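Me: I'd love a close look at a single part of this model. Could you walk me through one pocket and a couple of backbone oddities?

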Amino acid sequence: MIFAAGLGTRLKPLTDTMPKALVRVGGQPLIDIVISRLLAAEYDHFVVNIHHFAQQIKDYVSIRDYAPMVQFSDETAQLLETGGGLKKAAPLFDAEKPILIHNVDILDNVDYDWFSRQHLPEEDAVLLVSKRKTKRYLLFDNAMRLMGWKNIETGEIKSPYEYVRRTGLSQHGEPFNEFAFSGIHSFSPRLFSLMEQFPERFPIIDFYLSVCHRARIVGMVKDDLQLMDVGKLDTLDQAEQFIKSL
């Protein structure tokens with residue numbers, strides 16, 4: 001699933017007239033960059049959520065060679081965030097296969113074939129993480145099972161475990177492993193049943209944090225992870241150089 005519904009407000013004025021999925025980096029629209037890399041890893045079914053200038057994305061995709069592989073999840077009526085967007089798109093996926101989730105405006109050096117092989121049959125979700133410096137970290141135990149989330153500036157902790165919320169430590173009083181989430185994850189359709197209690201609109205991380213005591217949600221560390229968020233006008237030139245370096 002490729003999240004492409006956002007307003008792209010940080011890319012104004014470009015996104016005053018087009019969706020961020022069609023913003024070009026090195027002469028190529030972001031959606032082409034993401035899909036071409038996934039095609040190279042032999043993915044052959046793409047679900048793209050749309051909202052801002054939705055018809056432009058449909059029209060553009062319709063003339064691409066990969067058009068028969070794309071289905072759209074239309075959020076024109078309301079933006080549903082990452083969790084709600086995935087929930088709405090549930091009927092479009094194969095119930096037996098994990099779903100790779102990727103933002104249209106993220107560039108990275110991930111080998112998607114490698115990442116898909118990290119999702120073991122008994123795991124419900126695999127979150128790609130790294131040691132990148134950030135203000136918000138996911139907390140994992142020594143088996144890399146998700147235990148919570150921490151904002152290091154405010155000290156806020158989210159977790160379904162009361163002792164984690166209270167102490168920020170494991171049951172044995174040990175600190176957790178803190179990693180930054182890349183926004184790239186592999187999701188088992190088994191989890192859709194746990195989404196039924198959630199509203200139409202919610203972030204996927206809130207969902208993971210509320211069910212990680214009931215589902216096997218794990219982190220996969222990529223030490224050499226390179227990520228670039230093409231979120232601002234001044235990053236477009238940097239993004240072109242980033243693609244060339246890959």
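Me: How many residues line the second largest pocket, and which of them lie nearest its centre?

Reply: Happy to help! This is a predicted model, in which local features need pLDDT of at least 70 and side-chain atom pairs count only at pLDDT 80 or more, while totals for chains, interfaces and linings use all residues. Residues are numbered from 1 along each chain as its sequence is written, and side-chain values use heavy atoms, without hydrogens and water.

The second largest pocket is lined by 19 residues, and Y43, K97, P98, I99 and L100 lie nearest its centre. (A pocket, on a 1 Å grid over the protein atoms alone, is an open set of points where a 1.4 Å probe fits, with protein on both sides within 12 Å along at least five of seven lines; lining residues have an atom within 4 Å of a point.) Its space comes to about 490 Å³, a volume being what is filled by probe spheres set on the points, which are joined across faces, edges and corners. Strand 6 (residues 99-103) gives the most to this lining, with three residues; strands here are DSSP runs of E, at least two residues, and helices runs of H or I, at least four, numbered from the N terminus. The lining divides into ten nonpolar, five polar and four charged residues.

Now the backbone. E42 has a positive phi of about 70° although it is not a glycine, and E42 sits in the loop between helix 1 (30-40) and strand 4 (46-50). E81, in helix 3 (residues 81-88), also has a positive phi, near 65°, and is a residue other than glycine.

Conventions: Nonpolar A, V, L, I, M, F, W, Y, C, P; charged D, E, K, R; others polar.
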